[in-house]
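This report describes the ligand site, the strand pairing and selected loop residues of one model. The sequence and structure are shown first.

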Amino acid sequence: MVKIVGIAGSLRTDSYSQVALRLAAQRVSALGAEVEILDLREMNLPFCDGGDEYPDYPDVEKLRKAFHDADGLILVTPEYHGSISGVLKNALDLMSFDQLAGKVAGMISILGGQSNSNALNDLRVIMRWVHSWVIPEQIAIGQAWKAFDQDGKLLDEKLSQRFDQFAQSLVDNTQKLRQ
Ligand SMILES: Cc1cc2nc3c(=O)[nH]c(=O)nc-3n(C[C@H](O)[C@H](O)[C@H](O)COP(=O)(O)O)c2cc1C
């Protein structure tokens with residue numbers, strides 16, 4: 001079975017991006033995939049300085065190894081100023097083709113305002129640049145502050161179904177590409 005790793009680019013305590021990541025991970029896991037979530041709030045990562053080695057930051061190796069060993073990726077970003085968050089971009093900048101090329105990626109964005117695809121479009125360009133294969137199914141959750149109940153469950157059934165389609169496509173396409 002395929003291995004999927006997921007990260008969300010928000011360090012906020014009650015982050016909806018982290019809630020959405022867990023939800024997506026549950027759906028992917030229900031399809032039989034092995035899923036690992038790396039919570040960037042619990043990792044100590046430096047800003048990418050353009051170098052390869054970060055001996056004072058063992059979490060860089062942890063991040064790189066998890067992505068290297070994975071077949072597929074779940075990337076969740078809050079929309080910040082019309083694009084992806086610096087937290088997510090920095091995590092990706094700490095990696096390169098060794099960890100990202102040839103991986104199938106599914107993307108989700110979380111917005112305070114109305115749903116749009118700005119961050120997702122930018123993230124798609126970034127992932128193309130590192131030779132990842134991004135699935136066409138994507139999810140943008142607008143007004144995220146009213147999308148979930150207290151247990152992190154989605155209130156909108158249609159949106160919940162979208163997570164199922166997203167998970168199915170991610171697992172199916174990851175399997176296909178690995179063969
Ligand atoms: C620096 C910053 C920029 C933001 N820019 C946007 C934006 O462009 N569009 C939008 O809909 N919401 C924007 N927001 C709101 C966040 O997308 C919203 O609070 C979201 O829930 C953050 O994700 P999180 O819950 O995972 O922390 C911004 C928030 C911050 C802190």
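How many residues surround the ligand, and which are the closest? The ligand is surrounded by 14 residues, the closest being Ser10, Arg12, Ser15, Ser17 and His81; a residue counts as near if one of its heavy atoms lies within 4 Å. The model is predicted: local features need pLDDT of at least 70, side-chain atom pairs count only at pLDDT 80 or more, and totals for chains, interfaces and linings use all residues. Residues are numbered from 1 along each chain as its sequence is written, and side-chain values use heavy atoms, with hydrogens and water left out.

**Ligand site**

By class, the shell around the ligand holds five nonpolar, seven polar and two charged residues. In this classification Ala, Val, Leu, Ile, Met, Phe, Trp, Tyr, Cys and Pro are nonpolar, Asp, Glu, Lys and Arg are charged, and the others, Gly among them, are polar.

Several pairs of N or O atoms link the ligand to the protein; a polar contact is such a pair within 3.5 Å. The side chain of Ser10 places an N or O atom 2.8 Å from an oxygen atom of the ligand. A polar backbone atom of His81 is 2.7 Å from a nitrogen atom of the ligand, and a backbone N or O atom of Gly82 lies 2.8 Å from a ligand oxygen atom. Taken alone, the ligand exposes 630 Å², and the protein buries 70% of that area; accessible areas come from the Shrake-Rupley method with a 1.4 Å probe.

**Strand pairing**

Helices (H or I, at least four residues) and strands (E, at least two) are DSSP runs numbered from the N terminus. Two strands pair if DSSP finds at least two bridges between them. The table lists pairs of strands, each with its bridges and one pair of opposite residues.

| Strand pair | Direction | Bridges | Opposite residues |
|---|---|---|---|
| E1 and E2 | parallel | four bridges | Ile4 and Val35 |
| E1 and E3 | parallel | five bridges | Ile4 and Gly72 |
| E3 and E4 | parallel | seven bridges | Leu75 and Met107 |
| E4 and E5 | parallel | six bridges | Val104 and Trp133 |

Strand E1 covers residues 3–8 and strand E2 residues 34–37. Ile4 of E1 stands opposite Val35 in E2 and also opposite Gly72 in E3.

Which residues of strand E3 point one way, and which the other? Gly72, Ile74, Val76 and Pro78 point one way, Leu73, Leu75 and Thr77 point the other way, and all are buried. Strand E3 (residues 72–78) is thus mostly covered, with seven of its seven residues buried. Buried means under 20% relative accessible area, exposed means over 50%, and partly exposed lies in between (1.4 Å probe, protein chains only).

Helices connect some of these strands. E1, helix H1 (residues 16–30) and E2 make a right-handed β-α-β unit, as do E4, H5 and E5. A crossover is right-handed if, with the strands pointing away from the viewer, the path from the first strand over the helix to the second runs clockwise.

**Loop residues and backbone angles**

Most residues other than glycine have a negative phi. His131, however, has a positive phi near 65°. His131 lies in the loop between helix H5 (118–129) and strand E5 (133–141) and counts as partly exposed because its relative accessibility is 46%. The phi of Gln143 is also positive, near 45°. Gln143 is placed in the loop between E5 and helix H6 (157–178), and its relative accessible area of 21% makes Gln143 partly exposed.

**Approaches between residues separated in sequence**

Val130 is in the loop between H5 and E5 and counts as buried because its relative accessibility is 16%. Val130 and Gly102 are 28 residues apart in sequence, while their C-alpha atoms are 8.6 Å apart.

Is Asp59 buried or exposed? Asp59 counts as buried because its relative accessibility is 19%; Asp59 lies in helix H2 (residues 58–69). The C-alpha atoms of Asp59 and Leu45 are 6.2 Å apart, although the residues are 14 apart in sequence.

Asp49 belongs to the loop between E2 and H2 and counts as exposed because its relative accessibility is 58%. Asp49 and Asp93 are 44 residues apart in sequence and 9.1 Å apart in space, C-alpha to C-alpha.

Key: Polar contact = N/O pair within 3.5 Å; in protein donor to acceptor, adjacent residues only side chain to side chain.
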